[in-house]
Amino acid sequence: MKLNLTRSRLLRGALLLSLAALVTTASAAAPKIRVTTTTSMVTDLVKQVGGDRVEVAGLMGAGVDPHLYKATAADVSKLQQAEVIFYNGLVLEGKMTDIFAKLARTKKFVYPITEGVPEPRLLEPPEFEGHYDPHVWFDVELWALCAQTVVKGLSEFSPKDKAHFEQRGREVATRLRALHEWSLKKAAELPKERRILVTSHDAYNYFGRAYGFQVVGLQGVSTVTEAGLADMAKLVDFIKQKRVKAIFVESSVSPATIQRIAKDAGVKVGGELFSDAMGTPGEIENGYDLGTYEGMIKHNLTTIVGALK
Ligand SMILES: [Zn+2]
């Protein structure tokens, strides 16, 4: 009898233990939300907000130009299998417009993250021909608004996790506020007249507005500055006249033209900036991880300020 009792206790104990193990396994292996994203900046933002509740497949890696990117068959299947889709929008992913339109008809949780930015805060440079400028991530305050779209999208898909995503969203907002303050301080190291940024393409309009730089992109230059700058010779004159110390190449755009202009104007290439794609995750420069949004922003500003000082 005594033996039996002990045995049944042991059995019950074992049963409880295995039940506990089951519960632990179940919560650890709770299915993650399958998210597909486009640019590396969007991928980074969704990971920041979603944390361990999401599994993110980003379609575009380091050095990829989203304006020209065409989705492969594998990309389309990743998009179809996704439970939630986030993309930049504002026609940044210009060759994928039709795909997103189609997906929005058959899927419920498809979000252009820039929908969270109020229209009055969007720029509409003439060279975009009636479209808004999509490069909103270079104004950290606007990027914080995009984070709210991620919170909204994940919460709509999984209402039971809403509080979790909102909490993480607040943490992301705090980090982005600190990054914005850091950026303002860093930019202020340069006197106003030195804040002239010459790059390959017009990705930095929001950056210029937020941090007080005059921005000249070679592609689309005539509309960002005076009409007369529309050709390379005039850009060379502009650089000389304004005594710009350095101009910059971009990681996702061929550097040839900028190198040539630098040579003709007798200025140095001040370094490589990230524009429409971040670096490779884990690639560290000056202590910044170039594969993260924060690292990209800090790398760009440190490079710009260092070269123009
Ligand atoms: Zn661009």
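## Close-up views of a predicted model

**Figure 1. Helix H2 sits largely enclosed by the rest of the structure, since 9 of its 11 residues are buried.** Welcome to the first stop in this predicted model. The buried residues of H2 are Ser40, Met41, Val42, Thr43, Asp44, Leu45, Val46, Val49 and Gly50. What do they pack against? Their partners are three strands and three helices: strand E1 (33–37), E2, strand E3 (84–87), helix H5 (140–157), helix H6 (162–187) and H11. Just after the helix comes glycine 51, with a positive phi near 55 degrees. For a wider setting, the chain has 11 helices and 10 strands, and 46% of its 309 residues count as buried.

**Figure 2. The second largest pocket encloses about 230 Å³ of space.** It is lined by 14 residues, and those closest to the pocket centre are Thr43, Lys47, Met278, Pro281 and Gly291. Which element gives the most to this lining? That is helix H2 (residues 40–50), with 5 residues, so readers coming from Figure 1 will recognise the helix whose residues are buried in 9 of 11 cases. Thr43 is worth finding in both views: it is among the buried residues of H2 and also among the residues closest to the centre of the pocket. By character, the lining divides into 8 polar, 4 nonpolar and 2 charged residues.

**Figure 3. The zinc ion is held by three histidines and one aspartate.** The donors are NE2 of His67, NE2 of His135, NE2 of His201 and an OD atom of Asp276, at 1.9 to 2.2 Å from the metal. Why is the arrangement called tetrahedral? The 4 donor atoms subtend angles of 90 to 125 degrees around the zinc ion, and four donors count as tetrahedral if all angles lie between 85 and 135 degrees. Along the chain the donor residues follow the spacing H-x67-H-x65-H-x74-D. Histidine 67 belongs to the loop between strand E2 (54–58) and helix H3 (73–81), while histidine 201 belongs to strand E5 (residues 196–201), so this pair ties together parts that are 134 residues apart in sequence. Are these two histidines buried or exposed? Histidine 67 counts as partly exposed, because its relative accessibility is 22%, whereas histidine 201 counts as buried at 6%; the cut-off for buried is under 20%.

**Figure 4. The structure holds 1 cavity of 30 Å³ or more.** This largest cavity has a volume of about 50 Å³. Its lining is made up of Phe138, Tyr204, Phe207, Tyr211, Ile297, Asn300 and Leu301. Helix H7 (205–211) and helix H11 (293–308) are the elements that give two or more residues to this lining, and H11 supplies the largest share, with 3 residues. How does the lining divide by character? There are 6 nonpolar residues, 1 polar and no charged. H11 may look familiar, as it is also one of the elements that the buried residues of H2 pack against.

**Figure 5. Two residues other than glycine, arginine 243 and asparagine 286, have a positive phi.** Most residues other than glycine have a negative phi. Arginine 243 has a value of about 55 degrees and lies in the loop between helix H9 (232–241) and strand E7 (246–250). The phi of asparagine 286 is near 50 degrees, and this residue is found in the loop between strand E9 (284–285) and strand E10 (288–289). How accessible are they? Arginine 243 is exposed because its relative accessible area is 71%; asparagine 286 is exposed too, with 57%.

**Figure 6. Alanine 246, in strand E7, is buried.** Its relative accessible area is 0%. Leaving aside residues up to four places away in sequence, alanine 246 touches Lys268, Gly270, Ala307 and Leu308. Where does isoleucine 304 lie relative to alanine 246? The two residues are 58 apart in sequence, and their C-alpha atoms are 8.5 Å apart in space. As a backdrop for such links, take the chain's contacts between residues at least 6 apart in sequence: 65% of them join residues at least 24 apart.

Technical notes. Residues are numbered from 1 along each chain as its sequence is written. This is a predicted model: local features need pLDDT of at least 70, side-chain atom pairs count only at pLDDT 80 or more; totals for chains, interfaces and linings use all residues. Side-chain values use heavy atoms; hydrogens and water are left out. On a 1 Å grid over the protein atoms alone, a cavity is a set of points where a 1.4 Å probe fits but cannot get out, and a pocket is an open set with protein on both sides within 12 Å along at least five of seven lines; lining residues have an atom within 4 Å of a point. Grid points are joined across faces, edges and corners, and a volume is the space filled by probe spheres set on the points. Helices (H or I, at least four residues) and strands (E, at least two) are DSSP runs, numbered from the N terminus. Ala, Val, Leu, Ile, Met, Phe, Trp, Tyr, Cys and Pro count as nonpolar, Asp, Glu, Lys and Arg as charged, and the others, Gly among them, as polar. Donors are N, O and S atoms within 2.8 Å of the metal (3.2 Å for Na, K and Ca); water is not among the atoms, so sites may look incomplete. Four donors count as tetrahedral if all angles lie between 85 and 135 degrees; four count as square planar and six as octahedral if opposite donors are over 155 degrees apart and all others between 65 and 115; anything else is irregular. Buried means under 20% relative accessible area, exposed over 50%, partly exposed in between (1.4 Å probe, protein chains only). Contact means heavy atoms within 4.5 Å.
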